[in-house]
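Me: I should like a close look at a single part of this protein, namely one residue and its surroundings. Please set out the overall architecture beforehand, and then work inwards to the residue itself.

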Amino acid sequence: MPKRILQGRVTSDKNEQTVTVLVERRFKHPLLHKTVRSSKKYRAHDANNQFKIGDIVRIVECAPISKTKRWTVLTDDTASA
């Protein structure tokens, strides 16, 4: 089964090997037909501590790494592998 890949913005990099990524999705409201923005934060594993606040990153789901981390940051070299 394919793994989900999401794109978002790093909002926190204070923890060691962890970044908090804000993923925003837009959809049309079923009744009002207005574009609605919904957002959710994910904690992702960043092994090399290379991403900083404001970076646009792609995250991919993985096996649980800790209590809150179920995502890994997808870097350019892992995307091509």
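Reply: The secondary structure of this protein, taken here from a predicted model, comes to 1 helix and 5 strands. Along the sequence these elements follow the pattern β-β-β-β-β-α. Measured out along the principal axes, the box filled by the C-alpha atoms is roughly 45 × 30 × 25 Å.

The strands form a closed barrel of 5 strands in the order S1-S2-S3-S5-S4, and the pairing is mixed. On average, neighbouring strands of this sheet are turned by 50° against each other, with direction ignored. In general terms, strands of a sheet pair through backbone hydrogen bonds, in either a parallel or an antiparallel sense.

The individual pairings may be taken in turn. Strand S2, residues 18–28, runs antiparallel to strand S3, residues 35–45, and 11 bridges connect them. In this pairing Arg26 stands opposite Arg37 of S3. S1 and S2 are also antiparallel, joined by 3 bridges. Strand S1, residues 5–12, pairs in the antiparallel sense with strand S4, residues 56–61, over 5 bridges. Arg9 has bridge partners in two strands: Leu22 in S2 and Ile56 in S4. The hairpin of S1 and S2 has 5 residues between the strands, and within that hairpin Gln17 takes a positive phi near 60°.

The residue chosen for the close look is Thr18, which belongs to strand S2. Is Thr18 buried or exposed? Its relative accessible area is 7%, and because buried means under 20%, Thr18 counts as buried. For context, 26% of the 81 residues of the protein count as buried.

Which residues surround Thr18? With neighbours within four places in sequence left aside, Thr18 is in contact with Ser12, Asp13, Arg43, Ala44, Asp46, Asn49 and Lys69. With Lys69 there is a polar contact between the side chains, at 3.1 Å. A further reference point is Ile59, which lies 41 residues from Thr18 along the chain; the C-alpha atoms of these two residues are separated by 12 Å.

Ala44, one of the residues in contact with Thr18, also belongs to the largest nonpolar core. That core has 11 residues, namely Val10, Val19, Val21, Val23, Tyr42, Ala44, Phe51, Val57, Ile59, Trp71 and Val73. The elements that give two or more residues to the core are S2, S3, S4 and strand S5, residues 71–74. S2 supplies the largest share, with 3 residues.

Val21, a member of this core, offers a second view of the interior. Not counting residues up to four places away in sequence, Val21 touches Gly8, Arg9, Val10, Lys40, Lys41, Tyr42, Ala44, Val57 and Ile59. Ala44 is therefore in contact with both Thr18 and Val21, where contact means heavy atoms within 4.5 Å.

Two totals for the protein complete the picture. Among contacts with a separation of 6 or more, 50% are between residues 24 or more positions apart. The protein exposes about 6,100 Å², of which carbon and sulfur atoms supply 51%.

Conventions: Residues are numbered from 1 along each chain as its sequence is written. This is a predicted model: local features need pLDDT of at least 70, side-chain atom pairs count only at pLDDT 80 or more; totals for chains, interfaces and linings use all residues. Side-chain values use heavy atoms; hydrogens and water are left out. Two strands pair if DSSP finds at least two bridges between them. Helices (H or I, at least four residues) and strands (E, at least two) are DSSP runs, numbered from the N terminus. Axes are lines fitted to C-alpha atoms, for helices over the stretch in contact, and angles run from 0 to 180 degrees between N-to-C directions. Buried means under 20% relative accessible area, exposed over 50%, partly exposed in between (1.4 Å probe, protein chains only). A polar contact is a pair of N or O atoms within 3.5 Å; within protein, one must be able to donate a hydrogen and the other to accept it, and residues adjacent in sequence count only if both atoms are side-chain atoms. A nonpolar core is a set of buried Ala, Val, Leu, Ile, Met, Phe, Trp, Tyr and Cys residues joined through side-chain atoms within 4.5 Å. Accessible areas come from the Shrake-Rupley method with a 1.4 Å probe; for residues, only the protein chains shown count as cover.
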